[in-house]
Amino acid sequence: MVELALKSNGGLTESLLIITGTMGSGKTSVLAEASDILALRQIAHAAIDVDALGLAHLPSGGCSDAVMYGNLRSVCKNYAALGVQRFLLARAMEDRAQLERCRDIVPTKDTVVCRLTASIAAMKQRVKMRDIGVSQREYVARVAKVNAILDRARLEHFTVTNENRSLTHVALEMLIKAGWISN
């Protein structure tokens, strides 16, 4: 069934929009708001927080990235079987290999990467407020490190500022710049 859904469009989905940014940039929040905007406009899509698919501590102690991407493949196949041709993913894309892996999982005619930005202070504050558990210090410390990695990688097609603005305006700007909706 899944194979039929993918083959009906030559094996390609219509569109893949990846939201990248460091911790605290608002990837998950913007993902959810963009999904709500698309749903209100009756635009079929799947919105997937990729990191959530890899939350695990494996018995082998190994990295859970392979499992995360395997889960992403399964989830995307399930959505494709239902006719979904637009995929919205939230994931900090730290290098071209990660981007290509997502493109391999969601073969598409059009891939667009949006990077969410905010000041380091704002992102650290968001992480500090959100992640109140045992790893809080580690996560707050990683904000600037991941931001520098993303600066070097330059995988985004465009950036959207997610600071001192409503979540709705941020998501709308992203969807418009990506060509998914018009004003």
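**Exercise 1. Describe the largest pocket of this predicted model: its volume, its lining and the elements that build it.**

Step 1. The volume is about 1,100 Å³.
Step 2. The lining counts 29 residues. Met-23, Lys-27, Asp-51, Leu-55 and Arg-130 lie nearest the centre of the pocket.
Step 3. Helices 2, 3, 5 and 6 each give two or more residues to this lining. Helix 6 gives the most, with four.
Step 4. Sort the lining by class: 11 charged, 10 nonpolar and eight polar residues.

**Exercise 2. Examine helix 3: how far does it reach, and which of its residues are buried?**

Step 1. Helix 3 has 17 residues. From first C-alpha to last it reaches 24 Å, close to the 24 Å expected.
Step 2. Buried means under 20% relative accessible area. In helix 3 the buried residues are Met-68, Tyr-69, Leu-72, Cys-76, Ala-80 and Ala-81.
Step 3. Look past the helix. Gly-83 follows, with a positive phi near 95 degrees.

**Exercise 3. Trace the salt bridges that involve Asp-65 and Asp-104.**

Step 1. Asp-65 pairs with Arg-91 at 3.9 Å, N to O. Asp-65 sits in helix 3 and Arg-91 in the loop between strand 3 and helix 4, so the bridge ties together parts 26 residues apart in sequence.
Step 2. Compare exposure. Asp-65 is partly exposed, at 26%. Arg-91 is buried, at 10%.
Step 3. Widen the view: Asp-51, Asp-65 and Arg-91 are linked in a network of salt bridges.
Step 4. Asp-104 bridges to Arg-73, with the closest N and O atoms 3.2 Å apart. Asp-104 belongs to helix 4 and Arg-73 to helix 3, so this pair joins parts 31 residues apart in sequence.

Conventions. Residues numbered from 1 in each chain as written. Predicted model: local features only at pLDDT ≥ 70, side-chain atom pairs only at ≥ 80, totals over all residues. Heavy atoms only, no water. 1 Å grid on protein atoms, 1.4 Å probe; cavity = no way out; pocket = protein on both sides within 12 Å on 5 of 7 lines; lining within 4 Å. Points joined across faces, edges and corners; volume = space filled by probe spheres on them. Nonpolar A, V, L, I, M, F, W, Y, C, P; charged D, E, K, R; others polar. Expected span 1.5 Å × (residues − 1). Buried < 20%, exposed > 50% of the residue type's maximum accessible area, 1.4 Å probe, protein only. Salt bridge = Lys/Arg side-chain N within 4 Å of Asp/Glu carboxyl O.
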